[in-house]
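Visitor: I would like a close look at one part of this protein: the sheet, and what sits beside its last strand. Could you take me along it strand by strand?

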Amino acid sequence: MPPNLGAGVRHFLIMVRSSAAPADTTTVLSVLSLKGGVGKTSIVLGLAGAAEERGIPTLVVDLDPQANATSALDPVAAPYSVSDVLHDARAGVAAEAVVNSCWGPSVQLIPSERALEHRAAETAPGSERRLRTSMLGVASGYRLVLIDCPPNLGELTRNALYASDAALVVTEPSFFAVQSAAQAVDAIEVARASGHESLRLLGIVATRIRPRFAEHRYRLAELREAFGDAVLEPIPDRTAIQQAQGACMPVQRWRSASAKAAAASFDQLLDAALTSSEPTRK
Ligand SMILES: Nc1ncnc2c1ncn2[C@@H]1O[C@H](COP(=O)(O)OP(=O)(O)OP(=O)(O)O)[C@@H](O)[C@H]1O
Ligand SMILES: [Mg+2]
């Protein structure tokens, strides 16, 4: 039996899925989860790789002190990090931290560093809006901005949500999946209720799914029972994702059947992210 969701979460799911998306052409998407190691960074990298293949101007904001997305995108030089950006927090200052990735001309990066941990501890009234302010006028230069969150729902993830148009909740197919996803959805609802009403839930995505495992199928069914059509097509477990990350290259350029299948999954997710900001979608 899936745990009961609070009435607030159920109402929120109905509300965000049915509200019309704004007519802008930039999607700022936070990728978040309550737990660590569930596949957030892999999804950000998979989407960035898919966007690079299509020539879609994309900015990755690495908001995790572990700096995994930064390592994978391997910028030649990074004079400023997102930690400097949040410390300064002047309107538009994030532009000064943007660097080219080694993946190609379409994917740029605001890198992270370990010192970002200090920013997570610096809370004050309004401090959750530092990233939003610093990104003013920056996001609009891209079709897609992907924010890779740390593995918690604290200050940095709150900053990500306030800077975003949409949020993607990532979960693993475990006993805790529904509970973890519900807490992440709650964090989105809190941001909406605290003045960021336009924030949308893109959906909930389960990763590292092995369809042959009955346990994974069961946990996926539980998620669907709890969250309905907010649950997106899952990302299967593909060794090519790890191989490509080890080689600092997009999985889209890795040559194997597993890589091709992974690329197809990320292409489908990219379509969902991009169409979520088209004005015709209901
Ligand atoms: N679909 C997948 N198939 C195979 N391996 C995967 C998949 N998704 C993620 N992984 C692997 O699982 C590990 C954790 O993934 P990832 O770093 O993306 O998680 P995360 O949620 O960003 O972690 P953290 O919370 O620590 O930032 C990595 O080794 C990654 O290569
Ligand atoms: Mg990560």
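Guide: Two strands pair if DSSP finds at least two bridges between them. Strands (E, at least two residues) and helices (H or I, at least four residues) are DSSP runs, numbered from the N terminus. This is a predicted model: local features need pLDDT of at least 70, side-chain atom pairs need 80 or more, and totals for chains, interfaces and linings use all residues. Residues count from 1 along each chain as written, chains are lettered from A and ligands numbered from 1 in written order, and side-chain values use heavy atoms, without hydrogens or water.

Start with the whole sheet. Eight strands make it up, and the sheet is open. Read across, the order is β3-β4-β2-β5-β1-β6-β7-β8. The pairing is mixed. Two strands sit at the edges: β3 (99–100) and β8. Each of these edge strands pairs on one side only.

Now go in from the β3 edge. Just before β3 comes a loop that leads from α4 (82–88), and Ala89 lies in it. Look at the backbone of Ala89: its phi is near 60°, a positive value in a residue other than glycine. Then β3 meets β4 in an antiparallel pair, joined by two bridges. Val99 stands opposite Leu109 of β4. β3 and β4 form a hairpin, with six residues between the strands. There, Gly104 has a positive phi near 140°.

Next is β2, residues 58–62. β2 runs parallel to β4 (residues 107–110), and four bridges join the two. One residue to find here is Val61: its bridge partner in β4 is Ile110.

Move on to β5, residues 144–148. β5 runs parallel to β1 (residues 27–32), with five bridges between them. Ser30 faces Ile147 of β5 across this pair.

Finish at the other edge, with β8 (235–236). Here the sheet meets ligand 1. β8, α2 (40–54) and α10 (239–246) each supply at least two residues of the ligand's shell. A residue is in that shell if one of its heavy atoms lies within 4 Å of the ligand. The shell has 18 residues, and Lys40, Thr41, Ser42, Gln242 and Gln245 come nearest.

Three pairs of atoms are worth finding; each is within the 3.5 Å limit for a polar contact between N or O atoms. A polar side-chain atom of Thr41 is 2.8 Å from an oxygen atom of ligand 1. For Val38, a polar backbone atom is 3.0 Å from a ligand oxygen. Asp64 uses its side chain: a polar atom there lies 3.2 Å from an oxygen atom of the ligand.

One last stop follows α10. Cys248 is in the loop between α10 and α11 (257–275). Its phi is near 55°, again positive in a residue other than glycine.

Note on methods
Polar contact = N/O pair within 3.5 Å; in protein donor to acceptor, adjacent residues only side chain to side chain.
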